[in-house]
Amino acid sequence: MRYPASEKLEIIRLVEESALPVRRTLEKVGYRWYDLYQAGGPEALDDRHPKPDRVWNRIPDDVRERIIKLALEESALSPRELQARARRYRY
């Protein structure tokens with residue numbers, strides 16, 4: 001479950017006011033927000049959507065160029081035939 005930054009901050013305040021040591025309380029709760037809070041303050045609690053290093057289904061530029069070149073040279077071939085030809089040449 002995702003919490004907005006304001007709720008995360010409130011939970012951290014409750015943890016800090018707990019009778020148990022902070023680390024022990026956080027281990028029981030299982031949240032890493034406290035480390036983020038200590039390192040970057042309340043702004044660090046905002047959700048960040050990770051950006052993938054690369055898209056899993058992206059065709060590399062050099063491969064795309066070779067496929068386009070093949071398609072232009074062999075314009076009479078169907079997409080399926082182009083795909084089969086490209087696989088033979090390891091495009």
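**Exercise 1. Read the secondary-structure pattern of the protein chain along the sequence.**

Solution. The model is predicted. Step 1: read along the sequence, and the pattern is α-α-α-α-α. Step 2: count the elements; the protein chain has five helices and zero strands.

**Exercise 2. Describe the burial, surface and contacts of the protein chain.**

Solution. Step 1: the protein chain has 91 residues, and 20% of them count as buried. Buried here means under 20% relative accessible area. Step 2: the accessible surface is about 7,900 Å². Carbon and sulfur atoms hold 52% of that area. Step 3: take the contacts with a separation of 6 or more. Residues 24 or more positions apart supply 39% of them.

**Exercise 3. Which residues make up the largest nonpolar core, and which elements give two or more residues to it?**

Solution. Step 1: list the eight residues: Tyr3, Leu9, Ile12, Val15, Leu26, Trp33, Tyr34 and Leu45. Step 2: assign elements. Helix H1 (5-16) and helix H3 (33-40) each give two or more residues. Step 3: H1 provides the largest share, three residues. Step 4: follow one core member, Tyr34. Leaving out residues up to four places away in sequence, Tyr34 touches Ile12, Glu16, Val22 and Leu26. Of these partners, Ile12 and Leu26 are listed in the core.

**Exercise 4. Characterise the largest pocket and its lining.**

Solution. Step 1: the volume is about 180 Å³. Step 2: 12 residues line the pocket, and Arg2, Lys8, Trp33, Leu36 and Asp47 are the closest to its centre. Step 3: sort the lining by class, which gives seven nonpolar, no polar and five charged residues. Step 4: link back to the core; Trp33 is one of its eight residues.

Methods
Residues numbered from 1 in each chain as written. Predicted model: local features only at pLDDT ≥ 70, side-chain atom pairs only at ≥ 80, totals over all residues. Heavy atoms only, no water. Core = buried A, V, L, I, M, F, W, Y, C linked by side-chain atoms within 4.5 Å. Buried < 20%, exposed > 50% of the residue type's maximum accessible area, 1.4 Å probe, protein only. Helix = DSSP H or I, 4+ residues; strand = E, 2+ residues; numbered from the N terminus. Contact = heavy atoms within 4.5 Å. Areas by Shrake-Rupley, 256 points an atom, 1.4 Å probe, with all protein chains shown as cover. 1 Å grid on protein atoms, 1.4 Å probe; cavity = no way out; pocket = protein on both sides within 12 Å on 5 of 7 lines; lining within 4 Å. Points joined across faces, edges and corners; volume = space filled by probe spheres on them. Nonpolar A, V, L, I, M, F, W, Y, C, P; charged D, E, K, R; others polar.
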